[in-house]
Amino acid sequence: MNRLLFLGDCLSSYAKFSFFVVLLLSSAARAVELSPQDVVDLALKQSLNVKKSELTAQQSEASAEVVRGAYDLILKIAPKYEYTEAQSMTGTSNPIDRTWTLSSSLNKALSSGTALTLQYDRTTQESTLSSFSSSLRRPTAAMDVLTFTIRQALWRNIFGQADRATLESADASTLSARMAREETLEDVILKTLSLYWNAFVAETQLRENTAARQKYEELVKAVRRKAGFNLSSPGELPRLEAEFEASDSRVKQSSRSYLAAMDELRTALQMTSKDSVTFKVQVLEPADLPAIPKLASVDVTALRPYRIAQIKTQIADRDRTVAQSSSRPKLDLVATAKSTGVDDTSDLALSEMASGSKPTYSLGLELEWPLDSATFRGKKAVAEVAYQSSALDLKLAEDTLRDGLSNAERAANANHETALSTIEIVNKRTRVVRELEASYRQGRTPLVELIRAYNDLFAAQQERAKAIGDYQVALNQWAAYRDELVKNEGSKQ
């Protein structure tokens, strides 16, 4: 303590006790020691924003599965029974018809713009024949039909151009979501570490303000004793009492700031308000301050924010391709091969169908041409604007990252120099106070000079705590710009 607070050796046991009462009165349940690494681990484990980012990434993966669902193998089965005694206007209907039908199909779409359908239909009928139909057929009849159809896109979505672009966009969106999750993790870590250092600074300033108040309290008592013997100079006692009141006000303000900072830190880490936190940090001398790391330069285009913007540009380009392809006239080639079997019994009808002795083949084209489509023009315009906007965002991301990296490095260096300077200033002002205290006791220095030296020292101590916290935060921000707080594990392709 004697290196951090120059007054530590003269604090009474009562002063020490009162300080810890101020610091820990509201949190007597359990003590939790936190280092910066502990904060990172707790944030990754308990932060609500981390959990939300996980859900967002899972949602993107689920959306990609929905897109791929368009290429599922689909089985359809539709059995049906019909009983009818209906009459026809021609008078050729049977008195009773009992018909069983089974329609089934397998459908499969391919990313080449091809749709395959294999369909099997069975129809069996039992009838009470009319006098007309009794000469044409037997009471029972069966028909089996197997049909294979190929539909190939030739103009709109030519050979699956739009389909493949949609699939690639879905996969790219999933990758982008994973990288966005890592960016969220990094942002959570950075914000939580900032809260940690803010709370550390607030605690240090509270401790130093409390020590300053105690020092002024000791001086007030000493001067009051002198005044009782008419040995004090005019104005000494009220001047010290005013300084004591000012220091007491600073303690109250710093206590409020400390409690607020601790509330924010506990909320970010999902800790209870009863948890008492102590900081595993020791920065008293320049040698204790972490040095500026020697880091190699990084390629801006390899950083996550740039890659996310790049992926969004690629997605917008694919969406533009989809819009352009979908706006063309629809021209499909349709080819069908069908085998039919008809007989009195189901077995014979199925056998005839399987033999392929009664085939049917067809080949044709289907053309659908919207002559004036405002919808298609609008889709193409929207996709083009989205692409141009994402291209600008990509360039902005590159410029922002390049400038941000330089500024983060400069900020880390500047804050390091400031922190070293404030530590040295505190050491020198401590020497000034010690010398003036000795001189004041000898009557060679007026009280106003000693008070000025005290205030300079106390202000320097406050600046030292803030500078140390600012430097630690600047190091974390620099690492965040370089994607080093969270590595690119989840975004590897």
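Here is a short chat about how some labels in this predicted model are earned.

Me: What makes Trp-155 and Trp-369 an aromatic pair, and why is the pair called edge-to-face?
Reply: Start with the distance: the ring centres are 5.6 Å apart, and rings pair if their centres lie within 6.5 Å. Next comes the angle: the planes stand at 75 degrees, and over 60 counts as edge-to-face. Both tests are passed, so the pair is edge-to-face.

Me: Why can we say that this pair ties together parts that are apart in sequence?
Reply: Look at where each ring sits. Trp-155 is in the loop between S5 and helix H4 (161-228), while Trp-369 is in the loop between S8 and helix H8 (374-441), so the pair joins parts 214 residues apart in sequence.

Me: Why is Trp-155 called partly exposed?
Reply: Its relative accessible area is 33%. Buried means under 20% and exposed means over 50%, so Trp-155, at 33%, falls in between and is partly exposed.

Me: What makes the pair of Tyr-216 and Tyr-454 edge-to-face?
Reply: Try the same steps here. The centres are 5.9 Å apart, with 85 degrees between the planes. The limits are within 6.5 Å for pairing and over 60 degrees for edge-to-face, so this pair earns the label too. Tyr-216 belongs to helix H4 and Tyr-454 to helix H9 (residues 447-481), and they are 238 residues apart. Both Tyr-216 and Tyr-454 are buried.

Me: How do you know that Arg-320 lies over the face of Tyr-387?
Reply: Arg-320 is 3.8 Å from the ring centre. The rule asks for CZ of Arg within 6 Å of the centre and within 35 degrees of the ring normal. The distance fits the first part, and Arg-320 is listed as lying over the face of Tyr-387.

Me: Why is Thr-321 partly exposed rather than buried?
Reply: Thr-321, in helix H6 (residues 304-326), has a relative accessible area of 23%. Buried needs a value under 20%, so 23% makes Thr-321 partly exposed.

Me: What makes S3 and S4 a pair of strands?
Reply: Two strands pair if there are at least two bridges between them. Strand S3 (residues 96-110) and strand S4 (residues 114-128) are joined by 15 bridges, so they pair, and they run antiparallel. One bridge links Leu-110 with Thr-114 in S4.

Me: Why are S2 and S8 called edge strands?
Reply: The open sheet has the order S2-S3-S4-S5-S7-S8. Strand S2 (74-84) and strand S8 (359-368) each pair on one side only.

Conventions
Residues numbered from 1 in each chain as written. Predicted model: local features only at pLDDT ≥ 70, side-chain atom pairs only at ≥ 80, totals over all residues. Heavy atoms only, no water. Helix = DSSP H or I, 4+ residues; strand = E, 2+ residues; numbered from the N terminus. Phe/Tyr/Trp six-rings, centres within 6.5 Å; stacked < 30°, edge-to-face > 60°. Buried < 20%, exposed > 50% of the residue type's maximum accessible area, 1.4 Å probe, protein only.
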